[in-house]
Amino acid sequence: AGHVDCVSILLRGGADASLRISDGPDAGKLPADLAKNDALQKTLAVSTPAKEVKTITPPPSPKRSVDVEDQGAARCRAPLVWPPPRRCRLLRGAPELEFRGAEISVGVHSSIDDARFDAALRTLRVEVGARFGVKVVTANEEHSVSLRVCAKTTGGPEGYRVLVRDGVAAVVGHDAAGLKHGASTLAQLLRFHASCGKDEDDALPAFRLPALAVDDGPDALVRAACLDCRGAAAPRNAQIDDDARRLASWRCNALFILADDAGCDQLDREARPRQEEEEVAEPVQRGWFSRAPVPVQEEADEDPPLPWHSCDGGDGYVDCDPDPGMGLDACAALSARCRARHVACIPTVCVYTDNVDEAVACAKSLTERYRATQLGVRVSSSLSASKATKVCEALSSNLPAAVETLWLWGAPSNAEAACSRASKRASIAVILDGPPGDGTGGAKLARRRATAADALICGGADAVYATALRQGAGGASFL
């Protein structure tokens, strides 16, 4: 664009500066018209003949059949889904899947009331509900989508396989969480990659999905993110629910909530319905002969309750299923909704001083408010190793009975052994911080009692380890 020396070499080598652009926003312009400085403009103007002007005409594109044009991007290559699976390939020559009408039948290879299929069925109803109705049938009845839980044909916990072949989309999950992930992937394929075509003899359009196979599974058993909900300036409930929903759609399976009593109180106040003050109307002054009727106050129509969250994996759709957090306080409702998405909601106590009583009281309060079975402790780097170990040991010895796992984040190296000796019920997990400035997965799970498991933690708990949820797309490091 502005390199005079390069343009001069090209012109000496025989490049033609008299060609005009044939189409696009710069149609009809010469290279000299696009030059960005005077020297380059003069160089191109001297080498441009005054009379002979040529025009580049692109060769005509090969004529495609109507069938290929109707299918659009579905025939190009393996479709893109988010998060990217381990393997996604088209099955060339296999018959495609075709939907006709306004309803798809989902066959369940178990009892229809099996709780393992609830999250997968809700995901399908939510994400494709704007295009299809979802009808649940048994596996013996005719169906176009099948759901099955099988640990032998998938790659480990939370793994899944989606196979579109022979007119059926089969989703197989290692467990309930893997089945939910597979249903989300199939819903993305139906929403974004299913082509719509209509034959001359058919009254209804047909949705076609090419034959393909998707195999996916997590690289890390723990894939977590961190949300800061401390203090009176805690985020609004709607923002927290939206962040939790989006992280769940990115296959996140743990959510560390940095919390304290002030932040929980703020969330509870916002969640409670506003109690309007009863206005006492002045009595109407009536004369002896007055026939004025008593004024009738019309009752204001109450707004219908909003659905508890939008869909897992896309915006613009609404989940009309019953709210798992109905009738609960804000913190307990968030935990219930996370459990419905197969995400562990872990309230986390931030320790900045060696006040043991204050830390123990905060841990018990958060465990009760969130109704949690896991508890996190975020130790500040400003606290000495001996004081941090003292606080962690006190917390582990006074854990509520409901806590099964205690997460130590930023604790000194000897804190794990001290907590293991003090706690007889809960297992201990240690999280190590990454280098400063690494906000997209720097923290790593060091060790977990009886189970060695790697983990990716998105974001940190203080200004040094900035939270990556708002600053960058950290979802790429989750799978």
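How many aromatic pairs does a search of the whole structure find? In this predicted model, the search returns 2 aromatic pairs, and the tour starts with them.

Select Phe-256 and Trp-407 and display their rings: the centres lie 5.4 Å apart and the planes stand at 90 degrees, so this pair is edge-to-face. Colouring by secondary structure places Phe-256 in strand E14 (residues 254–258) and Trp-407 in strand E17 (residues 405–409), so the pair ties together parts that are 151 residues apart in sequence. Phe-256 is buried, with a relative accessible area of 0%, and Trp-407 is likewise buried, with a value of 2%.

Keep Phe-256 selected and add Trp-409, which forms an edge-to-face aromatic pair with Phe-256, at 5.6 Å centre to centre and with 65 degrees between the planes. Trp-409 lies in strand E17 and Phe-256 in strand E14, so this pair ties together parts that are 153 residues apart in sequence. Both Phe-256 and Trp-409 are buried, and with Trp-407 these residues form one aromatic cluster.

Next, turn to the largest nonpolar core, which has 47 residues, and select those with the most contacts inside it: Leu-255, Ile-257, Leu-334, Tyr-370, Val-377 and Leu-408. Helix H9 (residues 356–370) gives the most to this core, contributing 6 residues. Centre the view on Tyr-370 and, leaving aside neighbours within four places in sequence, look for its contacts, among them Ile-257, Ala-259, Cys-264, Leu-334 and Pro-347.

Finally, select Ile-104, Leu-124, Val-134 and Ala-183, which are among the 31 residues of another core, lying apart from the largest one.

Technical notes. Residues are numbered from 1 along each chain as its sequence is written. This is a predicted model: local features need pLDDT of at least 70, side-chain atom pairs count only at pLDDT 80 or more; totals for chains, interfaces and linings use all residues. Side-chain values use heavy atoms; hydrogens and water are left out. Rings of Phe, Tyr and Trp (its six-membered ring) pair if their centres lie within 6.5 Å; planes under 30 degrees apart count as stacked, over 60 as edge-to-face and the rest as tilted. Helices (H or I, at least four residues) and strands (E, at least two) are DSSP runs, numbered from the N terminus. Buried means under 20% relative accessible area, exposed over 50%, partly exposed in between (1.4 Å probe, protein chains only). A nonpolar core is a set of buried Ala, Val, Leu, Ile, Met, Phe, Trp, Tyr and Cys residues joined through side-chain atoms within 4.5 Å. Contact means heavy atoms within 4.5 Å.
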